[in-house]
Amino acid sequence: MRRVVILGSTGSIGTSALDVIRRLGGSFSVCGLTANRNVKLLHQQAEEFRPQVVAIGDPALADRIQIDGTRVVAGPQGLEEVAALPEADIVLNALVGASGLTPTMHAIQAGKRVALANKESLVMGGELVMGMIAETGGELIPVDSEHSAIFQCLQNQDRRGVKRLILTASGGPFLRLSPGELASVSPRQALAHPTWEMGQKVSIDSATMMNKGLEVIEAHWLFGIPISQIEVLIHEQSIVHSLVEFSDNSILAQLSLPDMRLPIQYALTYPQREQSAQVALDLAQVGALTFQRPDRDKFPCFQLAYDAAESGGTMPAVLNAANEEAVPAFLNGEIRFTDIPTVIRETMGRHRLVAHPDMAGILAADGWARETARAQLCRIAQCRKDSRQ
Ligand code: MG
């Protein structure tokens, strides 16, 4: 019996993970769940899975959960407590954004297998997180579909024989729009992802291709491969989830229909494979698999992520924080889609880089970047308002 904690259980990855655990039956149990605000769904999940503890982000909502045998904790401390729960074997970090970094560190420190769906942990704190893994001998299993694919391709392979990692990208909903057309796209259009069903933040990041940029940085830390040896190919069918090229020019890939329950299940059952409820891939029905290079001029966020990765240090945390501020502003209709990279570029341009930051240094860069980005967002929003009057 393996006991699982899910951080962010009410989001898209969290609910999929509970679905996987439900289907895996008696060999897995849930001992901790956390949610930010969705107290109704958290209560429902706790009633079904009977965890020993749940954490809710907003302390004001804590008394809305009352279940026999389940302790309720709240706020950032509550989240950290659940992340390091002594009874847990596996901690699935499905938090969205920068808030995932500290719980990842706590879970690793506590010796858990961390199933990582929170890419920001590695984007912001890659050096610290991997340093801690090396120190504690901990386990970090990727849940992001691309990284799970690479992880699977690397099983029983000598890492020295790896020549390139090739991450695939669906291209998002705007693959065929011209750069000019991108300026006027609506949040609703940006949220309509062609192949994956995901939360709002990741959907917008897919539309700007920032998501792929963050994933390149994530892969760099996770697999210890230089950024210059990580490439991205647009693969619209989302069947080939990523590939590894070896020194003999042989390429291995992992294929399946796009369904996050598969990489989630693999992270839980690894190194075993269990039967899954997913529909089997019928390649004859898919017919053609196509690949093309991404257009870096049309998707400047993607290039900005590479730039941040090359700069290293605190720059990826700054990239991420500015993006986390810009995306909700776009969703709220305050800025245009094409303002997102502008705000990020400006923020990065003003940053004074710290080469090897500690945790406090990373969080300081994150805070600085948010403030700087917010000031620009206000300016842009104000300009738009003025021009409309
Ligand atoms: Mg992904």
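Visitor: Why is Ile-166 called buried in this model?

Guide: In this predicted model, Ile-166 has a relative accessible area of 4%. Buried means under 20%, so Ile-166, at 4%, is buried. The residue is found in strand β8, which spans residues 162–169.

Visitor: Which residues are in contact with Ile-166, leaving aside its neighbours within four places in sequence?

Guide: Beyond those neighbours, Ile-166 is in contact with Glu-231, Leu-233, Ser-242, Leu-243 and Ile-251. In addition, the C-alpha atoms of Ile-166 and His-241 are separated by 9.4 Å, although the two residues lie 75 residues apart along the chain.

Visitor: What makes Asp-144, Glu-146 and Glu-215 donors of the magnesium ion?

Guide: The ion is coordinated by Asp-144 through OD and by Glu-146 and Glu-215 through OE, at 2.1 to 2.3 Å. Donors are N, O and S atoms within 2.8 Å of the metal, so these oxygen atoms qualify. Along the chain, the donors follow the spacing D-x1-E-x68-E. Asp-144 and Glu-146 are both buried.

Visitor: Why are helices α6 and α10 described as roughly parallel to each other?

Guide: Helix α6 (residues 145–153) and helix α10 (residues 210–223) pack at an angle of about 30°. Angles under 35 degrees count as roughly parallel, and α6 and α10 are therefore placed in that class. Their axes are 10 Å apart, and their crossing is right-handed.

Visitor: Which residues of α6 and α10 meet?

Guide: From α6, Glu-146, His-147, Ile-150 and Phe-151 take part; they meet Lys-212, Glu-215, Glu-218, Ala-219, Leu-222 and Phe-223 of α10. The residues of this contact divide into five nonpolar, one polar and four charged. Two of the magnesium donors, Glu-146 and Glu-215, are thus also among the residues where α6 meets α10.

Visitor: What makes the pair α5 and α14 roughly antiparallel?

Guide: Here the angle is about 150°, between helix α5 (residues 120–136) and helix α14 (residues 315–331). Angles over 145 degrees count as roughly antiparallel, and the description of α5 and α14 therefore follows. The axes of these helices are 8 Å apart, and the crossing is left-handed.

Visitor: Which residues make the contact of α5 with α14, and how do they divide by character?

Guide: Glu-120, Val-123 and Met-124 of α5 make the contact with Pro-316, Ala-317, Asn-320 and Glu-324 of α14. They divide into four nonpolar, one polar and two charged residues.

Conventions
Residues are numbered from 1 along each chain as its sequence is written. This is a predicted model: local features need pLDDT of at least 70, side-chain atom pairs count only at pLDDT 80 or more; totals for chains, interfaces and linings use all residues. Side-chain values use heavy atoms; hydrogens and water are left out. Donors are N, O and S atoms within 2.8 Å of the metal (3.2 Å for Na, K and Ca); water is not among the atoms, so sites may look incomplete. Buried means under 20% relative accessible area, exposed over 50%, partly exposed in between (1.4 Å probe, protein chains only). Axes are lines fitted to C-alpha atoms, for helices over the stretch in contact, and angles run from 0 to 180 degrees between N-to-C directions. Helices (H or I, at least four residues) and strands (E, at least two) are DSSP runs, numbered from the N terminus. Angles under 35 degrees count as roughly parallel, over 145 as roughly antiparallel, 65 to 115 as roughly perpendicular and the rest as oblique. A crossing is left-handed if the near helix is turned anticlockwise from the far one by less than a right angle, and right-handed if clockwise. Contact means heavy atoms within 4.5 Å. Ala, Val, Leu, Ile, Met, Phe, Trp, Tyr, Cys and Pro count as nonpolar, Asp, Glu, Lys and Arg as charged, and the others, Gly among them, as polar.
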